[in-house]
Amino acid sequence: MRGSAWWRAVALSVIAATLMLFDVEASAQERSGPEPNQQANLADSVHQLQSEMQELRAAIAELRAETQQYRDENLALRRQLRGEVSQPVNTKQDASPNGSSEAISKADYGAPTGTEELAGTDQSGQEKTASIQEQLDFLNGKIDEQYQTKVESASKYRVRLSGIVLFNLLANRGSVDDTDFPHVAAPIVPGESNTSLGGSLRQSLLGFEVFGPTLAGAKTRGEIQFDFSGGFPQAPNGVTYGIMRLRTANIHLDWKDTTLVVGQDALFFAPLAPTSIASLAVPPLAYTGNLWSWTPQVRVEHRFHLSEDSNISVQGGVLDPLTGEFPGNSFYREPLAGESSSRPAVGTRVAWNSKFLGQPVVVGAGGYYSRQNWGFGRIVNGWSGNADFDLPLSRLFSLSGEFYRGRAIGGLGAALGRSIVWSGDLTTPNAVVRGLDDMGGWSQLKFKPFSKLEFNVAAGQDSAFNNEVREFPAFTYFGTIGRNRGIFGNFIYRPRSDLLFSAEYQRLQTDSISSFNTANHVSLSMGVLF
């Protein structure tokens, strides 16, 4: 009994040990069995990572190629625009101070090469891809910047918008005819202040230019320009509103050596003007020796070439015979004295154009004639003889100016807009009318030490003949004034071609028959061209 129990115990122990052995072997098989599958999965992961790296490298290479393509297209577009578009006052520089080419070269192609180590390529590739995307965004922005210079029009022809947003901070000491851009020193009214301070943007300019088709071998183009100096609305603070005003509007037909201009433009026989940002609504030194008038006209210019850098230009044309009179009606146009003569005014100019020290040299002479009918058979002949010059004295200095002598040329800005003197009421036949003799001119010295900085000093004088003013004083505000003088000095700084700053001081002296008046004007200007 005890032996049988012992054998049962031994058998159970053997069975238990056997079961434990099978459990250990099964566990070992479970642990060792999946090892080949795990190795296969790891190999697949490495192979997939290598494939993704190759795809990333291919994508980066494609981005490089696209970047180079955008760069080439952008540079080609710039060359085309520089060849086709000419913009003096107003050509914009690149967003980068050194231009897009340098900006691109400095950021050139930071993508990884095929020889870089595999370790860390995933993170590095993402960073370099982002860098390339930034370059593409930059190039797209530059292309959009070039594209925005195009203005959509109803025709297929290219239109360009230009102008300047100009702010003038101004101060006057003395009484003047216009606070913004004075040209006459007026008598001080008792009880009123003889000083003033203000700001203005009404000298801002807006212009459009359209480039038309070729006609009979001539390139056609048209341009129109406005400002906001046409007066003030009768409203509270209306001095800040500035009514838009037509300045010039022209159609040009340009052949190789001949140009035809039809429109409203400056006087072609007195083409120069001093340099000033403080007076854009009216040319600087207007009514103090600078003839000016935006006059409807038709003119032709032909150039005879003497050498590669030298030619003689001959101009001739007909003009609206303006006389400086105020409109007789605010809504309907009535003929002025010059237009009542039924004859156009005529003008001509001959000029020699060359270069010296890389700067233009101009010497010209011209003339003007108009016939005026002041009613009751009172005919006045207006005329002027003109001379102009622009001479470089050195690489830093240049001298320019104009002079004139004439009669009945108030419509050109002489004699404060007066063409005649008269003895009484012009609506009666008994009043005597005579053309007012006048002479004047201006001269300017320019100093330009740097391309972005220039200094200008100019002086001008307009003198109506005092004996005629005394004999027949005109019944107007400026009736007894014989001489008007102006002198100014300024500097103009252009940190960029589309941004400028200027400061100017001007002194005016206006002499009447019995007295003279003086005034000082200071202007600080900032302008953005577009």
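Here is a short chat between a student and a tutor about a predicted model of a protein.

Student: To get oriented, what makes up the secondary structure of the protein?

Tutor: Going by the assignment, the protein has 6 helices and 21 strands. Buried residues account for 38% of its 530 residues.

Student: How do you know what share of the contacts joins residues 24 or more positions apart?

Tutor: Take the contacts with a separation of 6 or more: 64% of them are between residues 24 or more positions apart.

Student: Let's do rings. Why are Phe389 and Phe403 called a stacked pair?

Tutor: Ring centres have to lie within 6.5 Å to pair, and planes under 30 degrees apart count as stacked. Phe389 and Phe403 sit 6.2 Å apart centre to centre, with 20° between the planes, so both tests are passed and the pair is stacked. Phe389 belongs to strand 13 (residues 379-392) and Phe403 to strand 14 (residues 397-407), 14 residues apart. By this rule the protein has 8 aromatic pairs.

Student: Why does Phe389 count as buried or exposed?

Tutor: Buried means under 20% relative accessible area. Phe389 has 17%, so Phe389 is buried. Its partner Phe403 has 43%, which falls between the 20% and 50% limits, so the label there is partly exposed.

Student: And what makes Phe397 and Phe447 a stacked pair?

Tutor: Their centres are 4.7 Å apart and their planes differ by 25°. Set against the limits of 6.5 Å and 30 degrees, that gives a stacked pair.

Student: Why is that pair said to tie parts of the chain together?

Tutor: Phe397 is in strand 14 and Phe447 in strand 17 (residues 437-450), so the pair joins parts that are 50 residues apart in sequence. Both rings are partly exposed: Phe397 has a relative accessible area of 34%, and Phe447 has 26%.

Student: Which residues make up the cluster that ring pairs link?

Tutor: Phe397, Phe447, Phe455 and Phe491 are linked into a cluster by ring pairs.

Student: How do you know that Arg158 lies over the face of Phe211?

Tutor: The distance part needs the CZ of Arg within 6 Å of the ring centre. Arg158 is at 4.1 Å from the centre of the Phe211 ring, so the distance test is met. Arg158 is listed as lying over the face of that ring.

Student: What lines the largest cavity?

Tutor: The lining includes Phe181, Pro182, His183, Phe488, Glu504 and His521. The cavity holds about 70 Å³ of space. That passes the 30 Å³ bar of the search, which finds 2 cavities in the whole structure.

Student: Now the second largest pocket. Which residues lie nearest its centre?

Tutor: Of its 50 lining residues, Tyr287, Gly324, Glu325, Phe326 and Pro327 lie nearest the centre. The space in that pocket is about 2,000 Å³. Strand 7 (245-254) and strand 15 (420-422) are the elements giving two or more residues to the lining.

Student: Last one: why is Arg343 called partly exposed?

Tutor: Partly exposed covers the range between 20% and 50%. Arg343 has 48% relative accessibility, so partly exposed is the label. Arg343 is in the loop between helix 5 (337-340) and strand 11 (345-356).

Student: What does Arg343 touch beyond its neighbours within four places in sequence?

Tutor: Arg343 is in contact with Pro321, Gly338 and Arg371. As for Leu319, its C-alpha is 9.6 Å from that of Arg343, and the two are 24 residues apart in sequence.

Terms used: Residues numbered from 1 in each chain as written. Predicted model: local features only at pLDDT ≥ 70, side-chain atom pairs only at ≥ 80, totals over all residues. Heavy atoms only, no water. Helix = DSSP H or I, 4+ residues; strand = E, 2+ residues; numbered from the N terminus. Buried < 20%, exposed > 50% of the residue type's maximum accessible area, 1.4 Å probe, protein only. Contact = heavy atoms within 4.5 Å. Phe/Tyr/Trp six-rings, centres within 6.5 Å; stacked < 30°, edge-to-face > 60°. Lys NZ or Arg CZ within 6 Å of the ring centre and 35° of its normal. 1 Å grid on protein atoms, 1.4 Å probe; cavity = no way out; pocket = protein on both sides within 12 Å on 5 of 7 lines; lining within 4 Å. Points joined across faces, edges and corners; volume = space filled by probe spheres on them.
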